[in-house]
Amino acid sequence: MVAWRPDGPVTAGRFLADVRRLASDLPAGGHVLNVCADRYRFAVGVAASLVRGKISLLPSTHTPETVRQLLAFAPDAFCLTDSAACDIELPQHRYREAGEAEASPEGLAVPAIDPDQIVAYVFTSGSTGTPVPHRKTWGPLVRNIAAEADRLGVVGTPFTLVGTVPPQHMYGFESTVLLALLSGGAIWSGRPFYPADIAEALDAVPRPRVLVSTPFHLRTLLAADVSVPPADLVVSATAPLSGNLAVAVEARLQCPLVEIYGCTETGQTATRRTAETAEWQLMRGLQLSVEDGKTWARGGHVETPTALGDIIEPTSGDRFLLHGRSADLVNIAGKRSSLGYLNHQLNAIPGVVDGSFFVPDDEADGVTRLTAVVVAPELDRATLLQALRERIDPLFLPRPLLFADELPRNATGKLPRTALDALRRKLGNAE
């Protein structure tokens, strides 16, 4: 079984037939913006693009400005969509369901992909807001996924992946699509977001089942009054997870939780069992070195030595501690901390559902002041500030501390700076 859909399972033969059918239908353009919401259709689209030698474009958003910038990067790009309401301003190719397609015996052969073939360009936003492309080739991706499968202990196991993250995101692409296709697993075609949807999706697939999620989705799942079927493994990424939350997730879903550390430039780099240790362990073949104040990753699936944007403390052997993003460092009156550390302390306070520190852009007096927005319906400002005083230096207490009903997180659980700043202005004006 390659996938599970609401109407039943999908065999490898059906998948290969769908791939060959779509590959023959794709238009001439060499670059594909695959926005299929159904995870199975997305996987078919990626595989069909590989077979035809086309390159998938995986930006973090699909805003009109991002699409215009993609078109400047790849003028021959077209959009592969499974939605009749898609309004992306690119030539569109609609995904067409073929019913119960049957593969011929020769059609069951798995296409061979050249290790040097470019699979995708994954885009991050540069300091100017212009998407920055990072090329991903087939060989290193395969090595990365093989290392992940080995670390997660799913090699030779007919597992099913249920993902709360979109497949267009690098983490979702690796851990909900490629991990299944390259390691003998199956894909759940949906993308559950709300707690009840996650519980329903887990219940819809056979065990062993793996929930691939984020700290935001997991925190929300624990806070909801829903019955959650047990899983066999939980995988988390996109932001550091607190030890307390990891312990609670393991108890609720009755299975281990493994956290993945990585970035767009290097792919998946390390893992940890967060409920048991703060140390990260590098994936096989990878090495870290500190040179001129920067930490570099090399070896394994990392094709060229790459500087990491995080503050890393090597401990022993292949292990290290992570102290937040270099860009998140905050210096107030000569004392330094990181937004990642402050967010960790804020979200570890009992009663805090969600929260985030940030430095506003419109400070005009030359003095750094931190703002925090928090979702904590059962706490008042005085109680929360007192709890923070017990965890962080008073210099880093937020001024102001704002309360919200929810934070404007995107589909991967991250907080776009523009959305957070707009919320801060709205809440500040309301007080």
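A pocket is an open set of grid points with protein on both sides within 12 Å along at least five of seven lines. The views below show a predicted model.

**View 1. The second largest pocket of the predicted model holds about 430 Å³ of space.** Of its 21 lining residues, Phe15, Leu16, Ala47, Val110 and Leu181 are the closest to the centre. Helical and strand elements that supply two or more residues to this lining are α1 (12-25), α2 (39-52) and α5 (170-183). The largest share comes from α2, with five residues. In character, the lining comprises 19 nonpolar residues and two polar ones, with no charged residue.

**View 2. The surroundings of Arg272, a residue of strand β14 (residues 267-272).** Arg272 has a relative accessibility of 11% and is therefore classed as buried, the limit being under 20%. A polar atom of the Arg272 side chain lies 3.0 Å from the backbone oxygen of Ala278. Beyond residues up to four places away in sequence, Arg272 touches Pro240, Leu241, Leu257, Val258, Glu259, Thr277, Ala278, Glu279 and Trp280.

**View 3. Strand β20 (residues 319-325) and its antiparallel pairing with β15 (residues 280-282).** Two bridges connect β15 and β20. Gln281 is placed opposite Arg319 of β20.

**View 4. The hairpin formed by β19 and β20.** Strand β19 (residues 310-314) runs antiparallel to β20, and four bridges join them. Ile312 has Leu322 of β20 as its bridge partner. Four residues separate β19 from β20 in the hairpin. Within the turn, Gly317 adopts a positive phi of about 60 degrees.

Notes:
Residues are numbered from 1 along each chain as its sequence is written. This is a predicted model: local features need pLDDT of at least 70, side-chain atom pairs count only at pLDDT 80 or more; totals for chains, interfaces and linings use all residues. Side-chain values use heavy atoms; hydrogens and water are left out. On a 1 Å grid over the protein atoms alone, a cavity is a set of points where a 1.4 Å probe fits but cannot get out, and a pocket is an open set with protein on both sides within 12 Å along at least five of seven lines; lining residues have an atom within 4 Å of a point. Grid points are joined across faces, edges and corners, and a volume is the space filled by probe spheres set on the points. Ala, Val, Leu, Ile, Met, Phe, Trp, Tyr, Cys and Pro count as nonpolar, Asp, Glu, Lys and Arg as charged, and the others, Gly among them, as polar. Buried means under 20% relative accessible area, exposed over 50%, partly exposed in between (1.4 Å probe, protein chains only). A polar contact is a pair of N or O atoms within 3.5 Å; within protein, one must be able to donate a hydrogen and the other to accept it, and residues adjacent in sequence count only if both atoms are side-chain atoms. Contact means heavy atoms within 4.5 Å. Two strands pair if DSSP finds at least two bridges between them.
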